[in-house]
Amino acid sequence: MRTPPALEDVPKRQRRLLVVVALLRPLLTATGLVTAYYLLPLDKGFTGDTVVGLALGLLAVAVLIGWQTWAIVRARYPRLRAVEALATTFPLFVLLFAVTYFLMERSEPGSFTQHLDRTDSLYFTITVFTTVGFGDIAAVTDPARITVTVQMVGDLILLGIAARVILGAVHAGLDRRGLPGDTADAPDAPDTGRTPPDEGDGGRPPGPDGPAPR
């Protein structure tokens with residue numbers, strides 16, 4: 001089977017289309033997730049089911065990263081697939097905690113230094129994720145602080161280990177396709193039609209009347 005050309009070798013117009021599609025799909029996914037976050041009736045409050053849901057959501061993120069890693073290695077263009085993977089995984093992770101904080105504040109007002117609506121919860125989650133920590137919102141109760149601590153640990157894992165795994169999958173995918181760094185598919189040296197000199201003659205080409213004198 002013929003190996004598809006590297007992204008750099010694709011015609012400019014087609015390359016732009018590939019990049020746009022690679023960015024558009026995760027953008028639509030993220031938009032759908034955020035829309036669902038604002039529209040779903042989150043009115044049950046913070047219960048044991050919320051904790052189970054958060055745990056299952058984090059497990060789903062881990063499974064998604066594993067599946068995306070497998071897909072990147074086998075993708076036609078691994079780097080574009082990696083962009084899609086990161087742009088899909090990060091919003092899902094952030095929204096899981098935004099929902100948790102919103103339900104926590106709804107169930108137990110005063111869990112944070114100010115009341116959190118959906119936008120505030122999303123804002124607070126992103127400030128924790130990016131380690132900006134403006135300080136205008138902070139966890140007050142023990143359950144809230146424990147949840148924020150879990151997110152901090154998850155942030156480190158996602159930014160450190162998961163990102164490194166995806167980067168490794170990109171390199172593995174490029175090597176699998178024989179792109180830079182792999183010489184297995186390098187073309188043979190051109191045939192000039194000349195016979196290499198006999199090593200027994202010291203590498204000297206033969207003279208006009210026979211072998212070169214020793």
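What share of the contacts in the protein chain with a separation of 6 or more comes from residues 24 or more positions apart? In this predicted model, such residues account for 71% of those contacts. The chain itself is built from helices: there are five of them and zero strands, so to speak a plain α-α-α-α-α when read along the sequence. Of its 214 residues, 34% count as buried. The accessible surface adds up to about 13700 Å², and carbon and sulfur atoms hold 64% of that area.

On to the inside. The largest nonpolar core has 25 residues. Within it, the residues with the most contacts are Tyr101, Phe112, Leu122, Phe124, Phe129, Val148 and Leu158. Four helices give two or more residues each to this core, namely H2 (48-73), H3 (78-107), H4 (118-129) and H5 (142-176). Helix H3 gives the most, with nine residues. A second core, separate from that one, has eight residues, including Ile72, Val73, Ala82 and Ala85. As a general backdrop, nonpolar side chains in soluble globular proteins tend to be buried together.

Val148 makes a handy spot from which to look around the larger set. Leaving aside residues up to four places away in sequence, Val148 touches Tyr101, Phe124, Val128 and Ala139. Two of these partners, Tyr101 and Phe124, are also listed with Val148 among the residues with the most contacts inside the largest core.

Aromatic rings come up again and again here, with nine aromatic pairs in the structure. A pair of this kind is described by the distance of the centres and the angle of the planes. Tyr37 and Tyr38 pair edge-to-face, with 5.1 Å centre to centre and 80° between the planes. Their surroundings are not alike: Tyr37 is buried, at a relative accessible area of 3%, because the cut-off for buried is under 20%. Tyr38, at 36% relative accessibility, counts as partly exposed.

Phe90 and Phe129 make another edge-to-face pair, this time with 5.5 Å between centres and 85° between planes. Phe90 sits in helix H3 and Phe129 in helix H4, so this pair ties together parts that are 39 residues apart in sequence. Both Phe90 and Phe129 are buried. The two also belong to one aromatic cluster, together with Phe93, Phe97, Tyr101, Phe112 and Phe124. Several names in that cluster turn up in the largest core as well, including Tyr101, Phe112, Phe124 and Phe129, which are among the residues with the most contacts there.

Note on methods. Residues numbered from 1 in each chain as written. Predicted model: local features only at pLDDT ≥ 70, side-chain atom pairs only at ≥ 80, totals over all residues. Heavy atoms only, no water. Core = buried A, V, L, I, M, F, W, Y, C linked by side-chain atoms within 4.5 Å. Buried < 20%, exposed > 50% of the residue type's maximum accessible area, 1.4 Å probe, protein only. Contact = heavy atoms within 4.5 Å. Phe/Tyr/Trp six-rings, centres within 6.5 Å; stacked < 30°, edge-to-face > 60°. Areas by Shrake-Rupley, 256 points an atom, 1.4 Å probe, with all protein chains shown as cover.
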